[in-house]
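Trainee: I am new to this structure and would like to get to know one part of it properly. Please choose a place to start, and take me through it and its surroundings step by step.

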Amino acid sequence: MIRSLRGTHGPLMFHQSGGCCDGSSPMCFPEGEFRTGASDVLLESLAIDGVGEPVTFWMSRSQFELWRHTHLTVDVVPGRGSGFSLEAPEGVRFLIRSRLLTPEELAELGERE
């Protein structure tokens, strides 16, 4: 899906929704279309096979503080998501799958349980 969206829309970015309107869905936009600022955290620049540049993944700082001990996976499933996210017309939606970080993963990050 990312490769297809990249081919249509150019470089992409995600912003993790804060829970309004479409739950807590990751929203996909053309890179730079969603304005990020000091209240956002860049979680990762995702390397996707077949996509020439990283796909940035952002989250609001306040939400990050709640999710900082969680491993997040971006998935795509059948169904209609938000009309604001690029995949909506494709009959699929992005969603987040999560699990708590293990004690070993927390130690690698320098975090305490």
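**A close look, starting from one residue**

Mentor: Let us begin with Glu53, which counts as partly exposed at 22% relative accessibility. Buried means under 20% relative accessible area, exposed means over 50%, and partly exposed is in between, using a 1.4 Å probe and protein chains only. Before we go on, please keep in mind that this is a predicted model, in which local features need pLDDT of at least 70, side-chain atom pairs count only at pLDDT 80 or more, and totals for chains, interfaces and linings use all residues. Residues are numbered from 1 along each chain as its sequence is written, and side-chain values use heavy atoms, with hydrogens and water left out.

Glu53 has a charged partner. A salt bridge joins Glu53 to Arg6, and their closest N and O atoms are 2.6 Å apart. Glu53 sits in the loop between β3 (40-46) and β4, while Arg6 belongs to helix α1, so this pair ties together parts that are 47 residues apart in sequence. The term salt bridge stands for a side-chain nitrogen of Lys or Arg within 4 Å of a carboxyl oxygen of Asp or Glu. Helices (H or I, at least four residues) and strands (E, at least two) are DSSP runs, numbered from the N terminus. Arg6, at 27% relative accessibility, is also partly exposed. The loop between β3 and β4 also holds Gly50, which is exposed with a relative accessible area of 73%. Gly50 and Arg6 are 44 residues apart along the chain, yet their C-alpha atoms are separated by 9.5 Å.

The salt bridge we began with belongs to a short list, as the whole structure has 4 of them. Another one joins Glu65 and Arg68, with the closest N and O atoms 2.9 Å apart. Here Glu65 is partly exposed at 43%, and Arg68 is partly exposed at 25%. Glu105 and Arg99 form one too, also with 2.9 Å between the closest N and O atoms. Asp40, in strand β3, gives a contrast: Asp40 is buried yet has no salt bridge, and the nearest side chain of opposite charge, Arg61, is 8.2 Å away. For that charge comparison, Lys and Arg count as positive and Asp and Glu as negative, while His and the chain ends are not counted.

Now follow helix α1 inwards. Ile2, Leu5, Leu12, Phe14, Cys28, Val51, Val55, Phe57, Leu86, Phe94 and Ile96 form the largest nonpolar core, with 11 residues in all. Two or more of these residues come from each of α1 (2-9), β1 (12-16), β4 (55-60) and β6 (92-100). Such a core is a set of buried Ala, Val, Leu, Ile, Met, Phe, Trp, Tyr and Cys residues joined through side-chain atoms within 4.5 Å. In soluble globular proteins, nonpolar side chains tend to be buried together.

Three rings deserve a second look: Phe14, Phe57 and Phe94 are linked into a cluster by ring pairs. Rings of Phe, Tyr and Trp (its six-membered ring) pair if their centres lie within 6.5 Å; planes under 30 degrees apart count as stacked, over 60 as edge-to-face and the rest as tilted. The whole structure contains 3 aromatic pairs. In one of them, Phe14 and Phe94 meet edge-to-face, 5.0 Å centre to centre and with 85° between the planes. Phe14 is in strand β1 and Phe94 in strand β6, so the pair ties together parts that are 80 residues apart in sequence. Both of these residues are buried. As for Phe57, its contacts (heavy atoms within 4.5 Å) beyond four places in sequence include Phe14, Pro26, Leu46, Val74 and Ile96.

Strand β1 rounds off the picture. All 5 of its 5 residues are buried, with Leu12, Phe14 and Gln16 on one side and Met13 and His15 on the other. β1 runs antiparallel to strand β2 (residues 26-30), joined by 5 bridges, and Gln16 has Pro26 as its bridge partner there. With β4, β1 pairs in the parallel sense over 4 bridges, where His15 is partnered by Trp58. Two strands pair if DSSP finds at least two bridges between them.

Finally, step back to the whole protein chain: 3 helices and 6 strands, in the order α-β-β-β-β-α-β-β-α along the sequence.
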